[in-house]
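Colleague: Please take a close look at one part of this model and describe it in terms that a beginner can follow.

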Protein chains: 2
Amino acid sequence: MSIVVGYIPSPEGEAALQRAILEAERSQSRLTVVNASKGDTPIDNRLIDAKQHHELEERLAASGVDFWIERSPVGSDPADKILGVARAQRAELIVIGMRKRSPVGKYIMGSTAQRILLQAECPVLSLKAEYAW
Amino acid sequence: MSIVVGYIPSPEGEAALQRAILEAERSQSRLTVVNASKGDTPIDNRLIDAKQHHELEERLAASGVDFWIERSPVGSDPADKILGVARAQRAELIVIGMRKRSPVGKYIMGSTAQRILLQAECPVLSLKAEYAW
């Protein structure tokens with residue numbers, strides 16, 4: 001059994017990670033943490049550096065779940081990466097964080113989330129940092 | 001604890017219902033089944049009739065979960081209804097079925113699913129009938 005979570009260092013990424021750890025514990029599943037970013041900003045805080053990778057490894061080890069961290073090279077499409085890893089592993093669940101939208105952007109979903117939701121070949125659990133419980 | 005599921009008599013509605021029953025069993029939560037339709041077709045097969053209601057009641061009773069079936073009047077917006085029930089109950093999870101899209105509609109998500117995903121104040125589990133396991 002395998003669970004895949006999209007992770008970026010942000011409130012929604014943290015919420016997704018925490019929930020994915022819980023789900024992996026509950027179903028005794030292997031957890032793959034995918035960190036990817038299109039690299040479309042001059043300074044990309046979405047990709048974790050070596051220090052953040054190490055801290056993430058320590059957190060996951062402390063949780064006791066069987067895990068793997070998949071860091072994608074800059075410019076990898078996060079949806080492609082998450083969907084690809086999930087497909088390769090025949091994952092039972094994908095967990096993604098979602099941004100709470102401003103009133104203006106309320107009806108527009110990010111393309112990464114939308115592609116994962118539409119193309120995933122397994123159930124997708126999506127959550128916002130504000131309502132992650 | 002409370003779980004809300006959007007249900008219509010269709011493969012994706014069935015997949016959502018089955019998964020929601022499992023989740024309710026697993027977390028010992030009360031399950032509210034919301035059946036609503038905009039009523040924008042001449043013959044609306046999405047709203048359950050008295051016979052289907054009765055059959056649904058029997059299935060849910062057999063599952064052993066604590067349940068409630070909420071049938072909305074014709075013309076109720078399904079997203080509003082599901083979000084409203086979930087908010088009122090401070091639901092821990094919303095479960096929705098999603099259609100697998102044709103290549104043409106691949107990147108267009110139904111507005112009901114999109115609104116639920118963006119506006120839900122709890123995690124949302126979405127699944128397609130083909131990949132419901």
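Modeller: What follows concerns one strand of chain A, β1(A), and its neighbours.

This is a predicted model, in which local features need pLDDT of at least 70 and side-chain atom pairs count only at pLDDT 80 or more, while totals for chains, interfaces and linings use all residues. Residues are numbered from 1 along each chain as its sequence is written, chains are lettered from A and ligands numbered from 1 in the order in which they are written, and side-chain values use heavy atoms, with hydrogens and water left out.

Strand β1 of chain A covers residues 2–6; helices (H or I, at least four residues) and strands (E, at least two) are DSSP runs, numbered from the N terminus. Five of its five residues are buried, so β1(A) is largely enclosed by the rest of the structure. Buried means under 20% relative accessible area, exposed over 50%, and partly exposed in between, with a 1.4 Å probe and protein chains only. On one side of β1(A) the buried residues are S2(A), V4(A) and G6(A), and on the other they are I3(A) and V5(A), which leaves both faces covered.

Two strands pair if DSSP finds at least two bridges between them. β1(A) pairs in the parallel sense with β2(A), residues 30–35, over five bridges, and V4(A) has T32(A) as its bridge partner there. β1(A) also runs parallel to β4(A), residues 93–98, with three bridges joining them; in β4(A), the partner of V4(A) is I94(A).

Helix α1(A), residues 11–27, makes a right-handed β-α-β unit with β1(A) and β2(A). Right-handed here means that, with the strands pointing away from the viewer, the path from the first strand over the helix to the second runs clockwise.
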